[in-house]
Amino acid sequence: MSEELATRPKESPRAPRAGPREVWKKGGRLLSVLLAVNVLLLACTLISGGAFNKVAVYDTDVFALLTTMMLLAALWILFYLLRTARFPDAVPYRDAHAGPIWLRGGLVLFGICTLVMDVFKTGYYSSFFECQSAIKILHPLAQAVFVIVQTYFLWVSAKDCIHVHLDLTRCGLMFTLTTNLAIWMAAVVDESVHQAHFHSSSHGNASHSRLAPDPEHAGSQVGGDCPCDTAICQIFQKGYFYLYPFNIEYSLFASTMLYVMWKNVGRLLASSTHGHGQGHGHAPSRVSLFQETFFAGPVLGLMLLVVGLAVFIIYEVQVSGEGDHTQQALLTYYSFNIVCLGLMTLVSLSGSVIYRFDRRAMDHHKNPTRTLDVALLMGAALGQYAISYYSIVAVVIGMPRGLLGGLNLAHALLTIAQHTFQNVFIIESLHRGPPGAKPHETPPKEPCLTFANLDALHPLPTCPPTPRPVGPSPAGPQEAKAITLAPRGHWRRRCLKDISLFLLLCNVILWIMPAFGARPHFSNKVEVGFYGYSLWAAIVNICLPFGIFYRMHAVSSLLEVYVLS
C-alpha cells in the first residue's frame, strides 16, 4: 500500500479534480466519441457533397470548415501544452510503449512534405488570386500552422498519461483526431477525382469536381473559370498533387498517435513506468540497421525496391500511350507484383515457421499501442481484400482470354495470401519477446504472470513485486528478471531481422506504386467491362486508400518487429 501511495501524483491546484471524474471512465470516453462522430459526419457530408457538380456545396464551404477545425484544434493543443508546462504534476505517468521514435520520425518526415505541399498549394491558388476566394489561400496557410503545432505536440506529449481535466482532454484529443481524419478524407477525395479525370477520358465519363481542379481550369462557382495557363501555375498544380500521398500518411500517423493518447488519459501505470522517462518500452538503447543479419533480406529487398521503381516509371510512361504500349505496361506491372507478392508470402510463412519451433512465452501485457496496431493492420487489409475478390469474380465469371487475364487472377490471389500471412507474422511478432528468450518455471502457487519481454515486465496491481534479497544473488541480475537470453548472434534472431527488413522494403515499393498514381484497375479493361466504369471506380476509390494505408502501416510495424528482434 505504501508503494502505491508513493506513485500517486503530488497535490496541485488542479490535481484534486481528477479523482471523481474517473468514477465512470467510459462516460467521459462516450462523450468525446459522440463529439467526434458528429463532427466527422458533418465533415464527411460536406467533403463528399463538394466532390460533385450536381450537389450545391461549394469547395469554399469545405475549405472554410477544414480551416476552422484546424485553427480550433491548434488552439486546443496550445492550451494543453501551456497547462502541462505550468502544472507538471498533471502528467504523473508516461507510457513507454506510446510514440516510438520511428513513428515520431515518420510523422516529422511526412509533416515536412506536407508543408512543402502547402507551399505549392498556396502558390497555385495565388497564381489567379483575382478570381479566387481568399479562403482557398488561407486554407493551406492554416494547414501549415496546424501541422507545425501538432507535430511539436505529438513529439513531446505522445507518451503522456494526463490526470487533470479528463473529459476536456478526451474531447480535445478526439476533436484533433477528427480534424486529421477530415483532412485525410478531403485529400483522398481530391486525389481520387483527379485520377478519375485522368482515366475517364477513354470512357467518356469525366465527372467534374470542385475539390480537384480541372487540368485546364481551376473552377470556382463564385468567381468563374480561372485559367492555369502559365508554366509556374502548372508546376505548382502538378507538384502538390504528387505530394498528396505524404499529406495522407501524415494525417493517419497523427490520428493513430492521438488515439493512443486518448486511451492513456487517466491511465494508472506501475512504478516501473512512472515519471517522465523517454524512449520506447521495448526498444533497445542502440539500434544499428543491418546489424546481426545475414544481409540476404536487405540486399534482396533493395533489389526489388530498385526494380520496382524502374517498373513503376516504365508503367507510367507506357500506360498513357497506344493500346499496345498499355498492354505491355500492364504485363510488366503484373509480372513484377506477382514475383514480389509471391516472395513476400513465402518469407512471411518462413517467419511463422521459425516461431513454431521457438518456445517462448507470449506477452499479454496491456498495451494500447499494440492493440491499435493490430486493429489497423486487420482493418486496412479489408480494402485490398475487397478489390481482389471483385477482380477474382470478374476474371472467373467474365472468362477473359489471354495472358493478361491469368496474370490479373494470379495477382488477386497472391494479394490475398500475402496480406493474410504477413498479418499473421507481424501480429505474432508484436506479441513475442526477443528470439531465444525463455521464461523460468515458477511455482504453481505464484499468481503473477512472467513475460518473456524484458521491457514488458512490471509489477501488476494484484501482484506486488518480490522484495530484493539483501545478499547477492547467485544468478545475477538475469534472475531478477526471470529470463535467460540467447546469444545475440543466434541464427533465429538473424533470420527474423532479415525477414522483417525484406518485408519492410517490399511494402515500401508496394506503397509507392499506388500512392503516386499507378492505377492498373482502370487500365485493365476486365473489371471495367464486367462491372461498368461507374461501379468499378467507386469500388477502387473507396477501397484503395485503405490498401495504401495498410502498406505504410505495415512498414511501421515491421520496423518495430526488426527492433524487437
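Helices here are DSSP runs of H or I with at least four residues, strands are runs of E with at least two, and both are numbered from the N terminus. The model treated in these exercises is predicted.

**Exercise 1. The chain as a whole**

Find how many helices and strands the chain has, and what share of its residues count as buried.

Solution. Start with the secondary structure: the chain holds 18 helices and six strands. Next take burial: 55% of the 565 residues count as buried. Then turn to contacts between residues at least 6 apart in sequence: of these, 87% join residues at least 24 apart.

**Exercise 2. Q150**

Place Q150 in its helix, decide whether Q150 is buried or exposed, and list what Q150 touches beyond four places in sequence.

Solution. Q150 belongs to helix α6, which covers residues 135–157. The cut-off for buried is under 20% relative accessible area. Q150 has a value of 0% and is therefore buried. Leaving out residues up to four places away, the residues touched by Q150 are I77, T176, N180, Y250, A254 and L258.

**Exercise 3. T179**

Do the same for T179: give its helix, its burial and its contacts.

Solution. The helix is α7, residues 166–199. T179 has a relative accessibility of 1%, so T179 counts as buried. Apart from neighbours within four places in sequence, T179 is in contact with M69, M70, A73 and F146.

**Exercise 4. H165**

Locate H165 and say what can be noted about its phi.

Solution. H165 sits in the loop that runs between β2 (160–161) and α7. Its phi is near 50°, a positive value in a residue other than glycine. Because its relative accessibility is 13%, H165 counts as buried.

**Exercise 5. I354 and R492**

Determine how far apart the C-alpha atoms of I354 and R492 are, along the chain and in space.

Solution. I354 is part of helix α11, residues 323–356. Along the chain, I354 and R492 are 138 residues apart, while their C-alpha atoms are separated by 7.1 Å. R492 is also one of the contacts of I354, together with C495, L496 and I499, when neighbours within four places are left aside. With 10% relative accessibility, I354 counts as buried.

**Exercise 6. The length of α8**

Check whether the span of helix α8 agrees or disagrees with its number of residues.

Solution. Helix α8 covers residues 231–242, which makes 12 residues. The expected span is 1.5 Å times one less than the number of residues. This gives 16 Å, and the end C-alpha atoms are 17 Å apart, so the two agree. The buried residues of α8 are C233, F236, Q237, G239, Y240 and F241.

**Exercise 7. α5 against α18**

Describe how α5 and α18 pack and which residues meet.

Solution. Two packed helices are described by the angle between their axes and the distance between the axes. For α5 (residues 101–126) and α18, the angle is about 145° and the axes are 10 Å apart. The crossing is right-handed. On the α5 side W102, L103 and F110 take part; they meet M552, S556, L559, E560 and V563 of α18. Sorted by type, the residues of this contact are six nonpolar, one polar and one charged.

**Exercise 8. The largest nonpolar core**

Name the residues that touch the most other members of the largest nonpolar core.

Solution. The core has 143 residues, and F153 and F425 touch the most other members. Helix α18, residues 533–564, supplies the largest share of this core, 17 residues. Beyond four places in sequence, F425 touches S348, G351, S352, Y355, L496, I499, L503, L558 and V561.

Definitions and conventions: Residues numbered from 1 in each chain as written. Predicted model: local features only at pLDDT ≥ 70, side-chain atom pairs only at ≥ 80, totals over all residues. Heavy atoms only, no water. Core = buried A, V, L, I, M, F, W, Y, C linked by side-chain atoms within 4.5 Å. Buried < 20%, exposed > 50% of the residue type's maximum accessible area, 1.4 Å probe, protein only. Contact = heavy atoms within 4.5 Å. Axes fitted to C-alpha atoms, helices over the stretch in contact; angles between N-to-C directions. Left-handed = near helix turned anticlockwise from the far one by under 90°. Nonpolar A, V, L, I, M, F, W, Y, C, P; charged D, E, K, R; others polar.
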